[in-house]
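User: I am new to this structure and would be grateful for a close look at a single part of it, the sheet. Please also describe what surrounds it.

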Amino acid sequence: MKPIAVKKPTSDLVQVRNLVKHFPVENSDDVVQAVDDVSFNILTGETLGLVGESGCGKSTVGRCLLRLHEPTSGEVLFEGQDIIGLPNNEMQALRREMQIIFQDPYASLNPRLTILSTVSEPLKIHGIANKSERKERVADLLTKVGLDPAYMHRYPHEFSGGQRQRIGIARALALNPKLIICDEPVSALDVSVQAQVVNLLQDLQREFGLTYLFISHGLAVVEHISNRVAVMYLGKIVEIAEAKVLYENSLHPYTRALLSAIPVADPRQKRERIILQGDVPTPINPPSGCRFRTRCPIAIDECAQVMPEMREISEGHFAACIRIDGYDKAPSHEQTI
């Protein structure tokens, strides 16, 4: 995969403050605490990677940013405007600026629609251009994502997984958005195709000035594409830093365990694995204090009593763990991370 030089991000495009999303449990008073008090920002033009185990709340965060899931509480600011509670007509207009690429390239395309209808549907919904202009736009978009425009009259079942994901990317680009939520866009693809799609996303980011929230459990892919990386565990962000810093000097014990699981290409090279004990607790009744403490190799009694705040341990490097050196002296940053 080739690195792409991207203009250094400067200002916040998205600010997420104390985001909470709880799902009710059927026939019960319990709730699934999928996302619980999450705060972060996404800079204009950057790629923020969001990683963690399956079920940690990554995709829920992405969908809350678009209000595909209505947040239980918190704020989501897009270019300074809080989108939570916006009426439907204002939210629909704002959706032109915010799009999503779904994980499953098979389930995300309507099998009854041609590629022309699929990619042009956002234009039609927002009343942009006439029929011939939309067809011309679709042809241009298919070219941008590496497909022959003649394919626009075919149906999804006639394409491979990688080609379908390219179609999904074309659809996401149709309205010239500023922000794209990439919800595990390469996890269902072969490794060789993953590289092609990741390089395509980087090329498009450079050409159109896009901003990505890149959600994935593929840590090697996230390292390659991201400017910064946030790590989630059981509904909370536990560490966030520039990608190079996080991968070379991670602080949180959960992040270190994740990184130790990345496969090494050279079979002669040894890497010490950190094997976490036990299973991920249920988000219906998470542990008191630090949610990672039941599996943490360095947990102490105090971890069960204290909910660790996200603190800036070094410049731009935030973590939530009372066992980190310098944590007691580090300033708490609840507003900007």
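Analyst: In this predicted model, E239 stands opposite A319 in strand β12. That pairing belongs to the contact between β10, which spans residues 236-242, and β12, which spans residues 317-319. The two strands run antiparallel and are joined by 2 bridges.

Helix α9, formed by residues 253-260, packs on the sheet here and touches both β10 and β9, the latter covering residues 228-233. The direction of α9 makes about 105 degrees with that of β9.

These strands are part of an open sheet of 8 strands with mixed pairing. The order across the sheet is β6-β7-β8-β3-β9-β10-β12-β11. At the edges stand β6, residues 98-101, and β11, residues 311-314. Each of these two has a single partner strand, so one side of each is left without a neighbour in the sheet. On average, neighbouring strands are turned by 20 degrees against each other, direction ignored.

The next strand to consider is β7. Its pairing with β6 is parallel and extends over 4 bridges, and in this pairing I100 stands opposite I181 of β7. Towards β8, which comprises residues 211-215, β7 again runs parallel, and 5 bridges join the two. Within that pairing, F214 in β8 is the bridge partner of C182. Between β7 and β8 the chain passes through helix α6, residues 191-208, and the resulting β-α-β crossover is right-handed.

Is β7 enclosed or open to its surroundings? Strand β7 comprises residues 179-183, and 5 of its 5 residues are buried, so the strand is largely enclosed by the rest of the structure. Both of its faces are covered. On one side lie the buried residues L179, I181 and D183, and on the other the buried residues I180 and C182.

A helix may be set beside this strand for its burial. Helix α1 covers residues 58-66, and 7 of its 9 residues are buried, so α1 too is largely enclosed by the rest of the structure. Its buried residues are K58, T60, V61, G62, C64, L65 and L66. Of these, T60 has a relative accessibility of 13% and therefore counts as buried, the limit being under 20%. Leaving aside neighbours within four places in sequence, T60 is in contact with K21, F23, A34, V35 and H69. Just after the helix, R67 takes a positive phi of about 60 degrees.

The buried C64 leads to the cysteines. The structure holds 0 disulfides. C64 is accordingly in no disulfide, and the nearest cysteine sulfur, that of C56, is 13 Å away. With a relative accessibility of 0%, C64 counts as buried.

Why does C290 form no bond with C303? The sulfur of C290 lies 6.0 Å from that of C303, its closest cysteine sulfur, and this is too far for a bond, because a disulfide requires the sulfur atoms to be within 2.5 Å. C290 also counts as buried, at 12% relative accessibility.

How values were computed: Residues are numbered from 1 along each chain as its sequence is written. This is a predicted model: local features need pLDDT of at least 70, side-chain atom pairs count only at pLDDT 80 or more; totals for chains, interfaces and linings use all residues. Side-chain values use heavy atoms; hydrogens and water are left out. Two strands pair if DSSP finds at least two bridges between them. Axes are lines fitted to C-alpha atoms, for helices over the stretch in contact, and angles run from 0 to 180 degrees between N-to-C directions. Contact means heavy atoms within 4.5 Å. Buried means under 20% relative accessible area, exposed over 50%, partly exposed in between (1.4 Å probe, protein chains only). A crossover is right-handed if, with the strands pointing away from the viewer, the path from the first strand over the helix to the second runs clockwise.
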